[in-house]
Amino acid sequence: MTSTGIRLDAPAPGWAIDADVVVVGSGVAGLTAALRCTAAGLATVVVTKARLDDGSTRWAQGGIAAALGEGDTPEQHLDDTLVAGAGLCDEDAVRLLVTEGPDAVRRLIDTGAHFDTDASGLISLTREGGHHRRRIAHAGGDATGAEISRALVEAVRTRAVRTIENALVLDLLKDEQGRTAGITLHVMGEGQHDGVGAVRAPAVVLATGGMGQVFSATTNPAVSTGDGVALALRAGAEISDLEFVQFHPTVLFLGADSEGQQPLVSEAVRGEGAHLVDAAGTRFMLGQHELAELAPRDIVAKAITRQMLAQGAAHMYLDARHFGAAMWEQRFPTILAACRSHGIDPVTEPIPVAPAAHYASGGIRTDLRGRTTVPGLYACGEVACTGVHGANRLASNSLLEGLVFAENIAADIAAGTAAAASTPVREAAIGAGSATVAAPAPGTDPASGSAPASGTDPAPGTAPAVATDPAPEGPVPLLDPAVRITIQRVMTEGAGVLRSAESLAGAAGRLEAIRADERKAAVPGVEAWETTNLLLVARVLVAAAAAREETRGCHWREDRPERDDAAWRRHLVVRITPERSLDLSPTAGATFPPTVAATPLEP
């Protein structure tokens with residue numbers, strides 16, 4: 001583990017609470033981890049950027065994949081996942097996923113999630129791209145994520161898990177030995193920038209979701225700005241496979257200039273028999289893959305992009321008129337409503353679709369128990385790189401991964417291997433010794449979990465004393481939030497679906513120019529922190545994509561169109577150095593080396 005000494009420019013914490021575990025994020029991964037930690041008797045705090053139900057999970061339409069159907073087996077699920085991952089999956093991680101997955105789904109049902117059932121009361125299962133069997137459980141037709149989120153949020157509230165909503169995580173706290181000791185965060189208030197505090201805990205679980213907002217058009221919500229990956233990099237953790245960004249093939253096309261979050265047209269629509277066609281109505285997936293429209297996502301996204309380029313078209317079409325009104329209304333009510341709200345009726349006309357950024361297959365490198373290369377720091381869900389997805393995620397494996405690995409993380413923390421989980425940390429260094437947050441004075445009420453009102457002085461005897469020491473290099477200069485849209489356009493143009501050495505070099509140069517620009521944010525604040533995080537994530541993605549001189553999975557190099565197993569069946573591991581440069585190193589092969597945290601820590 002390397003200590004970078006790097007942190008965001010932010011005010012010193014003005015308040016602090018203690019816990020055994022702090023979970024950052026409130027999607028399926030974060031809330032599952034929090035519930036399991038709470039059930040194990042650990043004092044758990046959930047920190048989430050917006051409301052509890054505002055993460056990426058609630059946007060998941062298709063469902064959750066598990067071998068639940070008659071005749072299906074974990075081994076078949078494993079095979080489909082390995083094929084989709086294009087030679088870079090960690091087979092042990094995939095085996096863990098598919099073996100523990102069915103029971104994890106059953107525990108989710110016990111928690112309160114309701115899945116659609118057939119006439120006999122069995123869970124209804126559908127197919128999606130890359131799956132050879134019907135193994136996708138869904139809820140509300142096409143509202144699976146919303147139902148899972150509802151059930152988990154309700155369980156968290158019923159169990160009175162302490163939560164801090166509308167809070168942006170800033171940086172990791174470490175103790176003098178370099179172990180995790182909590183986080184700094186900013187509780188957001190309109191126009192206020194003085195809500196910085198700390199949650200001190202010997203175990204931190206990052207479940208912050210994706211980084212789709214690094215591109216102009218994405219299916220990700222506005223909160224997906226890569227905060228977890230950026231924090232981990234500054235803390236000295238290793239990142240891997242960030243070049244493998246999955247572009248969902250069928251996102252509702254709203255115009256060439258449309259930016260921000262775009263409506264998704266679930267893969268389950270193709271699973272039920274919809275066809276991809278061009279403007280003339282010709283199906284173009286036939287003959288390109290044995291599964292045609294149900295090929296893995298990277299293959300379908302590339303095929304759509306090729307057709308668009310060949311025909312000079314801005315989009316293709318998804319034709320499901322043969323479903324009829326009743327099926328659309330019953331099976332895909334959310335998608336039907338989204339299309340109609342944009343003036344498109346799928347019952348009577350094909351849906352215009354084009355690929356858009358959807359899912360980060362890479363992230364913070366972890367082992368099978370979710371441990372990163374920083375002791376006491378865990379990661380799960382989209383922010384993590386567990387090895388399950390390889391170079392391309394199999395459809396609907398993401399919710400399952402969040403469930404399974406969150407449960408393993410909670411078990412590991414409860415077993416005491418993180419760092420004396422039953423004893424809250426009393427003193428922790430911010431960044432790498434740049435500041436120290438002392439324990440709350442007697443009389444503090446940590447159970448409230450709330451910060452002092454913005455602009456007011458804490459009552460005497462209730463606030464932690466905060467002592468600061470100058471950092472060796474000072475905090476990271478913050479970017480002007482106005483450059484966010486520039487970063488997104490640079491990434492879309494240079495590191496989108498189609499990439500080349502030329503496009504990536506251009507993107508790298510423009511990103512470096514943004515980093516060197518003197519236009520910095522005058523005052524630390526949410527938009528400046530987010531924009532600074534986006535730039536760091538963008539630089540890592542572009543560097544990894546430029547280094548990987550091949551086409552594999554969802555990484556498509558026009559100038560290197562072939563997969564090269566001899567040279568590139570390996571992962572790229574990225575770290576940030578204390579000098580703030582990026583260090584990229586390839587692994588020896590497709591198997592990840594152990595994380596530093598693989599050795600149990602002493603209490």
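What should helix α7 (residues 297–311) span at 1.5 Å a residue, and how far apart are its end C-alpha atoms? The 15 residues of α7 should span 21 Å, and the end C-alpha atoms are 21 Å apart, so the two values agree. The model described here is predicted.

## Overall make-up

The protein chain contains 14 helices and 26 strands. It has 603 residues, of which 60% count as buried. Among contacts in the chain with a separation of 6 or more, 73% are between residues 24 or more positions apart.

## Helix α7 and its surroundings

The buried residues of α7 are R297, D298, V300, A301, K302, A303, I304, T305, Q307 and M308. Charged residues are on that list, including R297, D298 and K302.

These buried residues pack against one helix, α6 (267–271), and against the strands β14 (245–252), β16 (275–277), β17 (316–319) and β18 (351–360). Just after α7 comes G312, which takes a positive phi of about 65 degrees.

## Aromatic rings and a charge over a ring

Four aromatic pairs are found in a search of the whole structure. One of them joins F323 and F332, which are stacked, with 6.2 Å from centre to centre and 20 degrees between the planes. The angle counts as stacked because it is under 30 degrees. Ring pairs also bring in W328, so that F323, W328 and F332 are linked into a cluster.

Are F323 and F332 buried or exposed? F323 has a relative accessibility of 10% and therefore counts as buried. F332, at 0%, counts as buried as well. Elsewhere, the ring of Y359 has the charged end of R393 sitting over it, 4.1 Å from the ring centre. Y359 lies within the range of β18 (351–360), one of the elements that the buried residues of α7 pack against.

## Cysteines

How many disulfides does the model contain? The count comes to zero. Two cysteines can be described by their burial. C339 has a relative accessibility of 1% and so counts as buried. C385 is buried too, with a relative accessible area of 2%. C385 falls in β21 (384–385), an edge strand of the sheet described next.

## The five-strand sheet

One open sheet has five strands in the order β21-β19-β13-β25-β26, and its pairing is mixed. Its edge strands are β21 (384–385) and β26, each of which pairs on one side only. Within the sheet, strand β13 (residues 239–240) is joined to β25 by two bridges, and these strands run antiparallel. S240 has V573 of β25 as its bridge partner.

On the other side of β25 in the strand order is β26. Strand β25 (residues 572–576) and strand β26 (residues 582–586) run antiparallel and are joined by five bridges. L572 has P586 as its bridge partner in β26. The two strands form a hairpin with five residues between them, and R580 in the turn has a positive phi of about 75 degrees.

T577 is found in the loop between β25 and β26. Is T577 buried or exposed? At 18% relative accessibility it counts as buried, because the limit for a buried residue is under 20%. Not counting residues up to four places away in sequence, T577 touches I6 and D583.

## The three-strand sheet

Another open sheet has three strands in the order β4-β6-β5, with antiparallel pairing. Its edges are β4 (64–65) and β5 (125–126); each has a single partner strand, so one side of each is left without a neighbour in the sheet. β5 pairs with strand β6 (residues 136–137) over two bridges in the antiparallel sense. The bridge partner of T126 in β6 is I136.

## V46 in strand β3

V46 is found in strand β3 (residues 44–47). With a relative accessible area of 0%, V46 is buried. Leaving aside neighbours within four places in sequence, V46 is in contact with V23, G25, L31, A34, L52, V161, R162, T163 and I164.

One of these contacts, I164, is 118 residues from V46 in sequence, yet their C-alpha atoms are 6.2 Å apart in space.

Terms used:
Residues numbered from 1 in each chain as written. Predicted model: local features only at pLDDT ≥ 70, side-chain atom pairs only at ≥ 80, totals over all residues. Heavy atoms only, no water. Helix = DSSP H or I, 4+ residues; strand = E, 2+ residues; numbered from the N terminus. Expected span 1.5 Å × (residues − 1). Buried < 20%, exposed > 50% of the residue type's maximum accessible area, 1.4 Å probe, protein only. Contact = heavy atoms within 4.5 Å. Disulfide = S-S within 2.5 Å. Phe/Tyr/Trp six-rings, centres within 6.5 Å; stacked < 30°, edge-to-face > 60°. Lys NZ or Arg CZ within 6 Å of the ring centre and 35° of its normal. Pairing = 2+ DSSP bridges.
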